[in-house]
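Biologist: Got a minute to walk me through this one? I'd like to go through the strands and then one residue.

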Amino acid sequence: MKEYRLETPRLRLRRMKASDLDQLLGIFGDPKVMASFDSAPFERKQMAAWLQRNLAHQEKHGYGLFSVILKSTNELIGDCGLEHMEVEGDLATELGYDFRSDHWNQGYAPEAAKAVREFAFHELGLPSLISLIRVGNQASRRVAEKIGMQLIEEIVMNEISYWKFGIDR
């Protein structure tokens with residue numbers, strides 16, 4: 001499998017690894033982060049299952065969510081990447097992102113998301129991307145808008161309301 005690495009001025013995005021578990025738990029075990037999912041913080045077992053699902057996606061498609069590393073400290077501060085999914089009966093590729101709450105409001109999410117958008121369109125040749133954002137999550141909405149995505153519609157999946165944002169190549 002090809003090893004994709006993306007770089008921005010402040011960030012390095014690399015393939016997620018099983019050894020990222022503890023650092024990812026620092027994101028998904030944070031009540032502030034999980035409030036945007038209307039969910040309780042992950043326990044280690046839940047984090048391991050989430051990580052395994054992403055590693056399987058990477059194995060199947062050749063890419064998935066990247067671990068986002070802050071160059072200045074070499075810390076894993078988030079994830080950002082692509083996930084194939086079915087949305088309202090259609091196959092789509094979602095651009096998603098999650099960051100440690102102590103790194104919010106510093107421009108890291110749009111910086112990483114823009115790099116992933118460029119990777120998706122220019123390296124992978126994908127025709128379009130979507131982002132599903134829980135209705136009310138204004139911070140994630142701003143990230144989507146900053147990278148050129150536009151609100152397409154509001155949808156309900158699994159009894160949860162989402163804003164569906166999209167962008168074409």
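Modeller: Sure. Two strands pair if DSSP finds at least two bridges between them. Bear in mind that this is a predicted model.

Biologist: OK, how many bridges join β4 to strand β5?

Modeller: β5 covers residues 90-99 and runs antiparallel to β4. One of the pairs puts Glu86 opposite Leu91 in β5. For the β4 and β5 pairing, the bridge count is 10.

Biologist: And which residue in the turn of that hairpin has a positive phi?

Modeller: β4 and β5 have two residues between them. A positive phi of about 55° turns up there, and the residue that has it is Glu88.

Biologist: What about the other side: which residue takes a positive phi in the hairpin of β3 and β4?

Modeller: Strand β3 (residues 65-70) and strand β4 (residues 75-87) run antiparallel, joined by six bridges. Val68, for instance, has Gly78 in β4 as its bridge partner. Four residues lie between the strands, and the one with a phi near 65° is Asn74.

Biologist: Now Ile155: is it buried or exposed?

Modeller: Ile155 sits in strand β7, residues 150-157. Its relative accessible area is 2%. The cut-off for buried is under 20%, so Ile155 counts as buried.

Biologist: Which residues is Ile155 in contact with, leaving aside its neighbours within four places in sequence?

Modeller: Glu88, the residue with the positive phi in the β4 and β5 turn, is one of them. The full set for Ile155 is Val87, Glu88, Leu132, Ile160, Ser161 and Tyr162.

Notes
Residues are numbered from 1 along each chain as its sequence is written. This is a predicted model: local features need pLDDT of at least 70, side-chain atom pairs count only at pLDDT 80 or more; totals for chains, interfaces and linings use all residues. Side-chain values use heavy atoms; hydrogens and water are left out. Buried means under 20% relative accessible area, exposed over 50%, partly exposed in between (1.4 Å probe, protein chains only). Contact means heavy atoms within 4.5 Å.
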